[in-house]
Each structure stands twice: as structure tokens, then as C-alpha cells.
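Visitor: I'd like some help learning to read a protein model. Could you walk me through this one?

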Amino acid sequence: MQSKTSVMRREPTFNKGGSYQFIIGKNLGLHREAIATSIEIVSKFLSSLPKTKKTLNVLDLACGASPVIIAEVMNHFSNYSFEYTGIDINPDQVATCRKFSFPKNVIKKEVIEENAWNLEEHSLKDKVDLVFIGLNTHHGTPEEISFLAKQIFSQLNKGGVFLNHDLFRPEKYPYLRRPKKGLPKNDWRDEWLSGYKSFLKTQGQSEDLAEQGIDHMRNWDYPISMEEMRTILVKIGFRVSTHSYTNPNHPFSNFYGMVVGYKV
Ligand SMILES: C[S@@+](CC[C@H](N)C(=O)[O-])C[C@H]1O[C@@H](n2cnc3c(N)ncnc32)[C@H](O)[C@@H]1O
């Protein structure tokens with residue numbers, strides 16, 4: 001991922017005024033479904049903890065400007081307090097995230113402007129209880145994802161949980177590997193991307209901003225499937241559960257879901 005990080009630092013869709021904020025506002029990345037699923041999972045995790053443990057360390061990778069999913073989850077568990085660390089590579093996202101209104105039970109927060117795909121580059125001193133990553137691993141090749149997941153595994157406390165809300169490729173499509181340069185031939189994504197662009201426009205996004213988002217997806221989004229993600233995590237030592245979402249108002253909800261890794 002190293003070679004791509006300098007490009008991602010200034011990716012237009014995530015810059016100030018870029019197209020991504022619309023996706024969150026209209027639930028087009030299924031953030032609400034991710035919140036509901038995360039709450040269920042974190043609830044089980046909390047009930048497994050010793051009664052005396054009341055403060056949790058949370059690491060949010062590629063946190064973006066509005067970390068609404070993990071913020072809603074922390075807010076839901078008001079009997080606990082949280083120490084939050086977010087990492088994002090885009091300076092505009094980081095600047096806005098630093099002003100984000102976190103719930104009161106977040107007793108410590110830090111937002112770091114850096115590459116989230118190599119945790120060894122950071123001076124993260126403490127192990128963490130929860131790692132969240134939202135809509136980001138679909139940029140990686142299986143090798144890059146495995147590299148990141150190994151680091152997440154060692155950063156987690158025993159018993160800790162890794163929540164990955166993402167875009168996953170439905171199994172009926174073949175895996176396309178992100179090319180070093182240009183775009184692949186016989187790209188099944190063309191149909192998906194043009195359908196998604198029409199959907200963005202029916203939701204009220206302008207032609208220019210919709211195209212900006214689609215351009216980002218065309219260049220970066222080479223999703224693996226949920227089962228492929230499961231295989232990667234199991235090899236590293238995680239126990240894994242997968243969670244599909246359904247949303248009748250979203251024509252591409254079958255592309256989204258959550259894969260959860262438990263460090264048992
Ligand atoms: C689709 S947004 C997701 C934001 C947020 N996690 C969410 O669920 O809404 C992807 C974010 O990943 C960040 N990003 C992309 N590559 C990154 C990298 N290598 N390291 C850190 N952040 C990265 C982008 O700057 C952007 O803010």
C-alpha cells in the first residue's frame with residue numbers, strides 16, 4: 001500500500017468539499033446497518049469482560065472526517081468509557097475529525113494524520129480492545145489486507161475484536177486484482193459503477209460530485225468477497241463471523257457487510 005499512500009493523501013472525494021460526505025449523510029455506505037451490527041457484536045464482547053473493566057481502548061483505522069459508526073457505538077454503551085485513537089491519511093479528513101463531537105463517555109481522543117495500513121510506523125503504545133475500520137479494506141490486495149490484519153491481531157488485547165465494515169464483492173463476480181497502472185480489461189465493475197452513479201444522482205448528488213466518487217471507485221475499489229476476507233483472518237488466528245446487510249432502499253446493499261475477527 002506504501003506506493004499508493006501519497007496519492008490517497010489528496011484524493012478529491014475525501015478532500016474538503018469532496019463527494020464522500022454525501023454518502024454518509026444519505027446512508028449510501030450503509031453506515032446505519034453497520035452501527036446496528038456493531039452494537040450487537042460489542043454488546044456480546046462487553047458481557048464477556050470482567051465486571052471491573054469499564055474503560056476500553058478503541059483504534060479507528062481510516063477514520064475519515066465523521067467517524068459516525070464507532071461514535072454511535074461508544075455512545076450506546078454509556079456505562080463504559082472509551083479512549084479513542086483515529087488514523088487517517090487525508091489532512092482535510094483529519095482536521096474535521098479533530099473537531100468531531102464525540103460522545104461524553106469518550107474520555108480521551110487522538111486523531112493522527114498517517115498511513116493506517118502500517119501500524120508499525122506509529123508509536124501506538126497501548127494494546128487495544130476494539131479495532132474498527134470502515135469502507136477502506138476494499139482498496140487492498142489480499143496480501144496487503146493480510147499484512148494489515150496481522151498487525152491488527154498483534155495490536156489487540158486477547159479477547160479483543162476487529163470490526164470491518166466494508167464493500168465486499170458478491171461471489172458471482174470474479175476477483176479483479178488492483179492493477180499497478182491503468183484499469184483492468186473485461187471489467188465487470190463497469191455495470192456496477194454506472195448503476196451506482198445513477199443511484200447517486202437519484203439521491204440528489206450533482207453530476208460532477210457523483211463522477212468524482214465513481215472515478216475514485218473505478219481507480220481504487222477492487223473488493224474481495226466476505227468469504228475471502230474470512231479466509232485471510234482465519235489464517236492469522238482470528239475466529240470470524242460475517243454479517244450481511246439488507247436495505248430494500250439501496251440497490252447495491254448486497255455489496256456491503258461486516259466481517260468480524262475475534263482474537264480468542
Ligand atoms: C470511504 S472513507 C471511510 C471513512 C470512515 N471510516 C467511514 O466509515 O465513513 C475512507 C477513508 O480512508 C482514508 N484512507 C485511505 N487510505 C488510507 C490509508 N492508507 N491510511 C489512512 N487512511 C486512509 C481516506 O482518507 C478516507 O478518509
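Visitor: Let me start with one side chain: is Tyr173 buried, partly exposed or exposed?

Guide: First, keep in mind that this is a predicted model. To judge exposure, look at the relative accessibility: under 20% is buried and over 50% is exposed, with partly exposed in between. Tyr173 comes out at 21%, so it counts as partly exposed.

Visitor: And how does Trp188 count, buried or exposed?

Guide: Trp188 has 12% relative accessibility, so this one counts as buried. Across the protein, buried residues make up 58% of the 264 residues.

Visitor: How are the rings of Tyr173 and Trp188 arranged as an aromatic pair?

Guide: For a ring pair, check the distance between centres and the angle between planes; under 30 degrees counts as stacked. Tyr173 and Trp188 are stacked, with 4.2 Å from centre to centre and 10 degrees between the planes. Both residues lie in the loop between S5 and helix H7 (189-202), so their pairing ties together parts 15 residues apart in sequence.

Visitor: Which residues form the aromatic cluster?

Guide: Tyr173 and Trp188 are joined there by Trp192, Tyr196, Phe199, Phe252 and Phe255. The whole structure has 13 aromatic pairs.

Visitor: Which ring does the charged end of Lys54 sit over?

Guide: That would be the ring of Tyr80, with the charged end 4.4 Å from the ring's centre. You can also find Lys263 over the face of Phe153, at 4.8 Å from the ring centre.

Visitor: Now the sheet. In what order do its strands run?

Guide: Read a sheet from one edge to the other, neighbour by neighbour. Here the order is S3-S2-S1-S4-S5-S7-S6, in an open sheet of seven strands with mixed pairing. Strand S3 (106-113) and strand S6 (239-244) are the edges, each pairing on one side only. From one strand to the next, the twist averages 15 degrees.

Visitor: In which sense do S1 and S2 pair?

Guide: Parallel: strand S1 (residues 55-61) and strand S2 (residues 81-88) share seven bridges. One place to look is Thr55, whose bridge partner in S2 is Ser81.

Visitor: Which strands does helix H6 touch?

Guide: Helix H6 (residues 142-155) packs on the sheet against S1, strand S4 (128-134) and strand S5 (156-167). The direction of H6 makes about 145 degrees with that of S5.

Visitor: Stepping back, how many helices and strands are there?

Guide: You can count nine helices and seven strands. The radius of gyration is 18 Å, close to the 18 Å from the globule rule for 264 residues, so the protein is as compact as a globular protein of that length.

How values were computed
Residues are numbered from 1 along each chain as its sequence is written. This is a predicted model: local features need pLDDT of at least 70, side-chain atom pairs count only at pLDDT 80 or more; totals for chains, interfaces and linings use all residues. Side-chain values use heavy atoms; hydrogens and water are left out. Two strands pair if DSSP finds at least two bridges between them. Helices (H or I, at least four residues) and strands (E, at least two) are DSSP runs, numbered from the N terminus. Axes are lines fitted to C-alpha atoms, for helices over the stretch in contact, and angles run from 0 to 180 degrees between N-to-C directions. Contact means heavy atoms within 4.5 Å. Rings of Phe, Tyr and Trp (its six-membered ring) pair if their centres lie within 6.5 Å; planes under 30 degrees apart count as stacked, over 60 as edge-to-face and the rest as tilted. Buried means under 20% relative accessible area, exposed over 50%, partly exposed in between (1.4 Å probe, protein chains only). A charge sits over a ring if NZ of Lys or CZ of Arg is within 6 Å of the ring centre and within 35 degrees of the ring normal. The radius of gyration is taken over C-alpha atoms; the globule rule is 2.2 Å times the number of residues to the power 0.38.
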